[in-house]
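Please open the entry in your viewer and keep the selection tool at hand, as this tour goes from one selection to the next.

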Amino acid sequence: MSVKVFQSEEVQDLLKAAANLAGDAGHARTKQITHRLLSDLFRVIDDLDMTPDEIWAGVNYFNRLGQDGEAALLAAGLGLEKYLDIRMDAEDRETQINGGTPRTIEGPLYVAGAAVREHVSRIDLDGDEDAGPPVIRGTVTGPGGKMLENAVVECWHANSKGFYSHFDPAGTQSDFNLRGAVRTGADGKYEFRTLMPAGYGCPPDGATLSLLDTLGRHGNRPAHVHFFVTAENCRKLTTQINIEGDPLIWDDFAYATREGLIPLAVGKTGGKALGLKSDDYKEIEFDFRLTALVQGRDNQAVRRSRASAAA
Ligand code: MBD
Ligand code: FE
């Protein structure tokens with residue numbers, strides 16, 4: 001079958017009716033986007049001669065995706081979240097904002113509500129036999145390289161099994177294990193004492209991995225640590241660092257790895273004096289450079305639905 005009906009008046013009228021373009025009621029922007037998305041979908045069905053079976057498989061897939069609570073995970077895996085970063089990067093270039101730490105995707109596993117500590121936070125609340133203790137430290141600077149006091153660095157990462165607290169399928173981690181927040185002093189310094197993460201893998205029975213399997217892709221991320229960095233009169237930075245040496249660094253299913261976000265992990269001794277679980281530890285130094293507001297506005301802070309808990 002190779003019919004082409006998209007351009008017909010009947011179909012064009014149907015699209016306008018479905019998005020209520022002619023009506024005054026409803027939300028104009030949502031109507032515009034719905035009309036365009038639906039139009040593009042209808043066009044693809046015509047162009048690729050998609051069959052009813054394929055359409056219903058897709059509809060059913062959305063149901064499964066929602067049941068699994070994985071829509072945001074799929075958005076990362078299909079590069080949609082990366083695309084938003086590419087667009088923000090381009091906007092920054094256009095407005096000549098440079099010198100900031102590269103942004104990279106937030107991902108779906110942040111939990112709001114971690115206690116904010118001064119300068120240093122030890123965030124490994126639970127033991128983890130398979131993980132050594134890194135210290136992640138550095139400074140927060142603003143436009144012009146000024147050290148920022150009262151900047152807040154939030155950090156979250158997986159344990160040695162690649163599981164995040166709050167979302168752990170084994171359900172064995174404390175609330176806020178491997179999640180924390182610190183406020184910088186006048187020296188602009190922050191420090192997290194923690195345990196080394198391993199890479200994340202999509203839930204094996206979930207809708208996301210099922211599609212990735214069908215595409216012949218994997219659903220794994222290299223070991224990484226997420227950050228939000230906020231300070232007065234600066235734009236909120238959303239970024240991650242990778243743990244150097246992970247074989248998946250340049251094969252991340254969520255496309256979050258970037259040059260400039262792979263600091264060295266340097267072997268050190270003296271961990272006992274810092275209260276770490278072993279004297280040998282890895283020091284990861286990473287400095288955050290924040291950028292100025294754009295016409296008084298933070299144009300890179302993203303509103304999205306996020307988990308939260310009480311610390
Ligand atoms: C993660 O830990 C993550 O960072 C992303 C982007 C997607 C899934 C799990
Ligand atoms: Fe992550």
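The stops below go from the overall layout to the metal site and then to the ligand beside it in the list. Keep in mind throughout that this is a predicted model.

Begin by colouring residues 9-50 as domain 1 and residues 74-308 as domain 2, the two parts into which the protein is divided. If you place a marker at the C-alpha centre of each domain, the two markers will be 39 Å apart.

Next, select the iron ion (ligand 2) and show the side chains that coordinate it, namely Y164 through OH, H224 through NE2 and H226 through NE2, at 1.9 to 2.0 Å. Along the chain, these donors follow the spacing Y-x59-H-x1-H. Are the two histidines buried or exposed? H224 has 3% relative accessibility and therefore counts as buried, the cut-off being under 20%, and H226, also at 3%, counts as buried because it falls under that cut-off too.

Now select ligand 1 and display the residues that surround it, among them L73, I105, G107, P108, L109, Y200 and A254. The surrounding residues also include Y164, H224 and H226, each of which coordinates the iron ion (ligand 2).

Which side chains place a polar atom by an oxygen atom of ligand 1? For Y164 the distance is 2.8 Å, for R221 an N or O atom of the side chain is 2.6 Å away, and for H224 the corresponding distance is 3.1 Å. Taken alone, ligand 1 exposes 260 Å², and the protein buries 100% of that area.

Finally, hide ligand 1 and look at the space it takes, which is the largest cavity.

Conventions
Residues are numbered from 1 along each chain as its sequence is written. Chains are lettered from A and ligands numbered from 1 in the order in which they are written. This is a predicted model: local features need pLDDT of at least 70, side-chain atom pairs count only at pLDDT 80 or more; totals for chains, interfaces and linings use all residues. Side-chain values use heavy atoms; hydrogens and water are left out. Domain bounds come from an automatic or database domain assignment. Donors are N, O and S atoms within 2.8 Å of the metal (3.2 Å for Na, K and Ca); water is not among the atoms, so sites may look incomplete. Buried means under 20% relative accessible area, exposed over 50%, partly exposed in between (1.4 Å probe, protein chains only). A residue is near a molecule or strand if one of its heavy atoms lies within 4 Å of it. A polar contact is a pair of N or O atoms within 3.5 Å; within protein, one must be able to donate a hydrogen and the other to accept it, and residues adjacent in sequence count only if both atoms are side-chain atoms. Accessible areas come from the Shrake-Rupley method with a 1.4 Å probe; for residues, only the protein chains shown count as cover. On a 1 Å grid over the protein atoms alone, a cavity is a set of points where a 1.4 Å probe fits but cannot get out, and a pocket is an open set with protein on both sides within 12 Å along at least five of seven lines; lining residues have an atom within 4 Å of a point. A molecule sits in a cavity or pocket if more than half of its atoms lie within 2 Å of its grid points.
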